[in-house]
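Q: Please go through this model with me and say, for each label used, what justifies it.

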Amino acid sequence: SPELFAEMVGDVAGAMDAAAPEGEASVLKTMLRRVRMWQQFMGRDGQPLGPEAELGLMGELAFLTALLDAGVAEESALVGWVGPDDAPQDFVLGDGAVEAKATLSTSGFPVRIGSLEQLDDSVLSPLYLTAARFSRAESGETLPEAIERLAQRFTQAPGAAGLFRERVFAVGYLDAHANRYTRRFLLEETRNFLVAEGFPRLTPGSVPVGVGKAQYEIDLNRASAHGVGLAQALTKLGVLK
C-alpha cells in the first residue's frame, strides 16, 4: 500500500525531527524504536483490529485510566504496559503483573483466557486479573475517542504522549483506520482479582502431561472470593505506598 508506506515514512521522519533537540544519539534511538514499531504493526498484517481485539484494547485502556486515576506515574504506567509486545500478561507493574480483560456480556461475567501462561503466577507474583464490563451505548466512547482522551492526559508528562502513541500502534491501532471503529462502549463496572491458589484457571503446571496449549473461558462471578480493591492490589504490587 503506497498510502501506508507514505504514512510510515512520515511517522518515522516526524519522530526523528521531534527527537533532534536531544542530539544524534536520541535521533538514532528514536528511529530504530519507530522502525521496530512499524515492523510489529506489519507483522499483524496492517489491517484494522477485529471486534474482539477492539474490545480487548478498550479493556487495557480502561485499566490504564484507572492506574492514572489511582496516582501511578504516567511513565511507570506506560512502561509497564507490555501487552502490545505479546507478553504473557498485559501489565508488568512493580513486583508482579496484571492481566486485563473485557466483556460485553450481560449474562454472568465471562472472560476469555488466551493461553496457559496468562494466569500463571509462577513467574511473576503477585498476579492480578482486572476485568471491565462494557455495554453498547450512545453515551459511550469509540476506541479512537478513548485513545485521544488518554493521549491528552499524557501530554502533561514529557515523552509520555509519544510513548503512548507507540504502545497503541504496537497493538495494531492506526489513526488512518479510525473511521472503522464506530462502536461505542460504556464502562459499566470493573472488578479486580488476586490470581492465586483456588482461582479458576489452567496453567502449564496444572494440566495433564501432553497438553501444550489451551484457550478457555471463566465466569468471574464464580471467583468473587478472590476479589480485591484496586488500591490494595497496587499497594501489594509496590507501585503505590
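Q: Which residues of α1 are called buried?
A: The buried residues of α1 are L4, V12, A15 and A19, where buried stands for under 20% relative accessible area, exposed for over 50% and partly exposed for what lies in between, with a 1.4 Å probe and protein chains only. The model is predicted, so local features need pLDDT of at least 70 and side-chain atom pairs count only at pLDDT 80 or more, while totals for chains, interfaces and linings use all residues. Residues are numbered from 1 along each chain as its sequence is written, and side-chain values use heavy atoms, with hydrogens and water left out.

Q: What puts these residues on the same side of α1?
A: Taking the directions from the helix axis to the C-beta atoms, they cover an arc of only 70 degrees around the axis, and therefore lie on the same side of α1. The face turned away from that buried side carries the exposed residues P2, E3 and D17.

Q: What do the buried residues of α1 pack against?
A: They pack against α2 (24-43), contact being heavy atoms within 4.5 Å.

Q: How do you know that the span of helix α1 agrees with the expected one?
A: The expected span is 1.5 Å times one less than the number of residues; for the 18 residues of α1 (residues 2-19) this gives 26 Å, and the end C-alpha atoms are 26 Å apart, so the two agree. Helices (H or I, at least four residues) and strands (E, at least two) are DSSP runs, numbered from the N terminus.
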